[in-house]
Amino acid sequence: MYLTTEIKQDLFKKHGYGKKKEETGSPEAQISLFTHRINHLTQHLKQNKKDFSTQQGLMKLVGKRKKLLNYLQKTNIERYRSILSELELRK
């Protein structure tokens, strides 16, 4: 599997709000996890152009990430800007 426990803990440690590997519920940690999965599915779809179920799953993940980013933007703009710069997202 491409997403092991060590990779998840590393993502949570790098991008979580408290910068702990146990910090799984913060919006930053979830956004980083979604971004990792989106990048993986994008690479998959470059090779398999007709995989429509993966394409649908990718669109759902993008929507979830967008909702979390909007929530973070409304609640705490500094955390929003920092996660955008850390993950190199544009919005």
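This dialogue works through helix packing, nonpolar cores and selected residues in a predicted model.

User: How do the axes of H2 and H3 cross, and at what angle?

Analyst: An angle over 145 degrees counts as roughly antiparallel. The axes of H2 and H3 cross at roughly 155 degrees and come within 9 Å, and that makes H2 roughly antiparallel to H3. The crossing of these two helices is left-handed.

User: Which residues make the contact of H2 and H3, and how is it composed by class?

Analyst: On the H2 side, the residues in contact include Ile31, Phe34, Ile38, Leu41 and Leu45. Among those contributed by H3 are Leu58, Leu61, Val62, Leu68, Leu69 and Leu72. By class, the contact has 13 nonpolar, six polar and four charged residues. The charged ones include Glu28 and Arg37 of H2 and Lys64 and Arg65 of H3.

User: Where do individual H2 residues sit in this packing, for instance Ile38?

Analyst: A residue counts as buried under 20% relative accessible area. Ile38, in helix H2, is at 7% relative accessibility and therefore counts as buried. Ile38 touches Leu58, Leu61, Val62 and Arg65, with residues up to four places away in sequence left out. Its C-alpha atom is separated by 8.9 Å from that of Met59, 21 residues apart along the chain.

User: Is Leu45 buried or exposed, and which residues does Leu45 contact?

Analyst: Leu45 also has its place in helix H2; at 15% relative accessibility, Leu45 counts as buried. Leaving aside neighbours within four places in sequence, Leu45 is in contact with Asp51, Thr54, Gln55 and Leu58. The C-alpha atoms of Leu45 and Gln55 are separated by 7.2 Å, at 10 residues apart along the chain.

User: How should the angle between H3 and H4 be read?

Analyst: The axes of H3 (residues 52-75) and H4 (residues 77-87) come within 6 Å and cross at roughly 135 degrees. The two helices are therefore oblique to each other. Leu69, Leu72, Gln73 and Thr75 of H3 make the contact with Ile77, Arg79, Tyr80, Ile83 and Leu84 of H4. By class, this contact has six nonpolar, two polar and one charged residues.

User: Why might one look for nonpolar cores, and which residues have the most contacts inside the largest one?

Analyst: In soluble globular proteins, nonpolar side chains tend to be buried together. Here the largest nonpolar core has 15 residues, and Ile31, Leu69, Ile83 and Leu89 have the most contacts inside it. Helices H2 (27-47), H3 and H4 each give two or more residues to this core. A second, separate core of five residues includes Leu3, Phe12, Ala29 and Leu33.

User: What does Leu89 touch?

Analyst: Not counting residues up to four places away in sequence, Leu89 touches Ile31, Thr35, Arg65, Leu69 and Leu84.

User: How does one read residues outside the helices, such as Ser26 and Glu88?

Analyst: One may take location, accessibility and backbone or contacts in turn. Ser26 has its place in the loop between helix H1 (5-15) and H2. Ser26 is buried, with a relative accessible area of 6%, and touches Gly16 and Tyr17, not counting residues up to four places away in sequence. Glu88 is found in the segment after H4. Glu88 is exposed, with a relative accessible area of 71%. Phi of Glu88 is near 55 degrees, a positive value in a residue other than glycine.

Technical notes. Residues are numbered from 1 along each chain as its sequence is written. This is a predicted model: local features need pLDDT of at least 70, side-chain atom pairs count only at pLDDT 80 or more; totals for chains, interfaces and linings use all residues. Side-chain values use heavy atoms; hydrogens and water are left out. Axes are lines fitted to C-alpha atoms, for helices over the stretch in contact, and angles run from 0 to 180 degrees between N-to-C directions. Helices (H or I, at least four residues) and strands (E, at least two) are DSSP runs, numbered from the N terminus. Angles under 35 degrees count as roughly parallel, over 145 as roughly antiparallel, 65 to 115 as roughly perpendicular and the rest as oblique. Contact means heavy atoms within 4.5 Å. A nonpolar core is a set of buried Ala, Val, Leu, Ile, Met, Phe, Trp, Tyr and Cys residues joined through side-chain atoms within 4.5 Å. Buried means under 20% relative accessible area, exposed over 50%, partly exposed in between (1.4 Å probe, protein chains only). A crossing is left-handed if the near helix is turned anticlockwise from the far one by less than a right angle, and right-handed if clockwise.
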